[in-house]
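Pull up the model and keep the sequence alongside. Let's take a walk through it together.

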Amino acid sequence: MKAAYRCPSNIALVKYWGKKEGGTQLPANPSISLTLGDLYADTSVEIVSGNVSGKPAFDFLFQDQPKPSFTPKLDVFFRRIWDGYELVRNHRLLIRSTNNFPHGTGIASSAAGFGALALCIYDLQQQLYPLPDSPHHEASRIARLGSGSACRSLFAAPAIWGEHEKIAGSSDEYAIPFSGEIAPELQILMDAVLIVDAGEKKVSSSEGHGLLQQNPYASARYGVAKDNLIKICNALETGSLHRFISIVESEALQLHAMMMVSNPYYILMRPGTLSIIENVWAFRENTGVPLMFTLDAGANVHLLFPKMYTSEVTNFIEGNLLLYCQNRQYLCSTTGVAPQKLH
Ligand code: PMV
């Protein structure tokens, strides 16, 4: 018995950075993201035998090779869902996962990987031990238990994760799709990911989240993120590109500012990151093309733009920005694509 899913990665517009104390993987502030339809994981889960060991039993192949470095994260995930999932308690599982984007580009694959894994596990559990009134957000909830931001990868619409009193149905436990009507100007955004540094990050995301606990600026940051979420939802509905850009770029810089004011402090941007940002500002000023940047917890730069500007932006990237990219690499993806069942 087997299930397989394709799940996209995602890029946050309002960033999740910091976890609530207590609870498991609950965000300190709400966030919103877009799925990256052309950067995805294909994952399958197969039941290979019974499991009477009293602990999670699984084998994991990444790009067809054993990947022991992923075992601890997977083990934590299976232990977190152990009580609710007979599938995990009673069976040994074979997990195979591949990413369609090249390994060693510095693109985090955990959102796509855990999104796809959660969908497979939920699907098999429902086939074998169906719960008639299983909540529709269950797959997103367990994806969160693998990697926080993964819970936002399961929707074609922008995904909101984290409770906000002004957003009906929002929850810290799982993501929900944005329910407003998106203005035409912002309906089809593209994301060009410029690979500034393909190496491993010096400080992992989980360490970074942890450093917020002692960060004196953290509570102010959580308040601003909450406000920005409402502002960006309004901008999506009104189609105000100007407001949308200013929130997206400010959020990226605030994420990195929080790293710089952590103790110990650290910087994940590289000189190329800043050069690209300055070039993007000059390009926008000179051409009026609504091109904006955002950042993940790394040096790479995500350039977002409405699809109608693809040829101008591609020319700009290829003519002016590739010199800042490691091995002149960049990847371009559409946004707003839902996961897909493969088997
Ligand atoms: O899901 P994690 O623990 O890898 O955290 C990711 C956090 C950011 O990517 C930096 C921001 C976000 O909201 O995705």
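What follows goes from a strand and its partners to a helix, then to salt bridges, and ends in some loops.

A bit of housekeeping: this is a predicted model, where local features need pLDDT of at least 70, side-chain atom pairs count only at pLDDT 80 or more, and totals for chains, interfaces and linings use all residues. Residues are numbered from 1 along each chain as its sequence is written, and side-chain values use heavy atoms, with hydrogens and water left out. Helices (H or I, at least four residues) and strands (E, at least two) are DSSP runs, numbered from the N terminus.

Start at strand E3, residues 57-62. Five of its six residues are buried, so E3 is largely enclosed by the rest of the structure. Buried here means under 20% relative accessible area, exposed means over 50%, and partly exposed is in between (1.4 Å probe, protein chains only). Who are the partners of E3? Two strands count as paired if DSSP finds at least two bridges between them. With strand E5 (residues 91-99), E3 pairs in the parallel sense over six bridges; with strand E4 (residues 65-66), the pairing is antiparallel, over two bridges. Phe62 is a handy place to see both: its bridge partner is Ser97 in E5 and Gln65 in E4. E3 and E4 make a hairpin with two residues between them, and Gln63 in that turn has a positive phi of about 50 degrees.

Next, have a look at helix H3, residues 110-128. Its 19 residues reach 26 Å from the first C-alpha to the last, close to the 27 Å expected at 1.5 Å a residue (the expected span is 1.5 Å times one less than the number of residues). H3 is mostly covered, with 15 of its 19 residues buried.

Now for the charged pairs. The structure holds eleven salt bridges, each being a side-chain nitrogen of Lys or Arg within 4 Å of a carboxyl oxygen of Asp or Glu. One of them joins Lys20 and Asp172, with the closest N and O atoms 2.5 Å apart. Lys20 sits in the loop between strands E1 (2-14) and E2 (31-50), and Asp172 in the loop between strands E6 (159-161) and E7 (175-177), so this pair ties together parts that are 152 residues apart in sequence. Lys20 is partly exposed at 38%, whereas Asp172 is buried at 10%.

Helix H4 (residues 138-146) has a local pair: Arg141 and Glu138, three residues apart and so separated by about one helical turn, meet in a salt bridge at 2.8 Å, N to O. Also in H4 is Arg144, which bridges to Glu173 with the closest N and O atoms 3.6 Å apart. Glu173 lies in the loop between E6 and E7, so the pair links parts that are 29 residues apart in sequence. Arg144 is buried, at 3% relative accessible area, while Glu173 is partly exposed at 34%.

Finally, the loops. Between helices H7 (241-260) and H8 (271-287) you'll find Pro264, joined to Asn263 by a cis peptide bond with omega of about 0 degrees. Further along, the loop between helix H9 (310-321) and strand E11 (330-334) holds Asn327, and Arg328 lies there too. Neither is a glycine, yet phi is positive in both: about 50 degrees for Asn327 and about 55 degrees for Arg328. Asn327 is exposed at 65%, and so is Arg328 at 51%.
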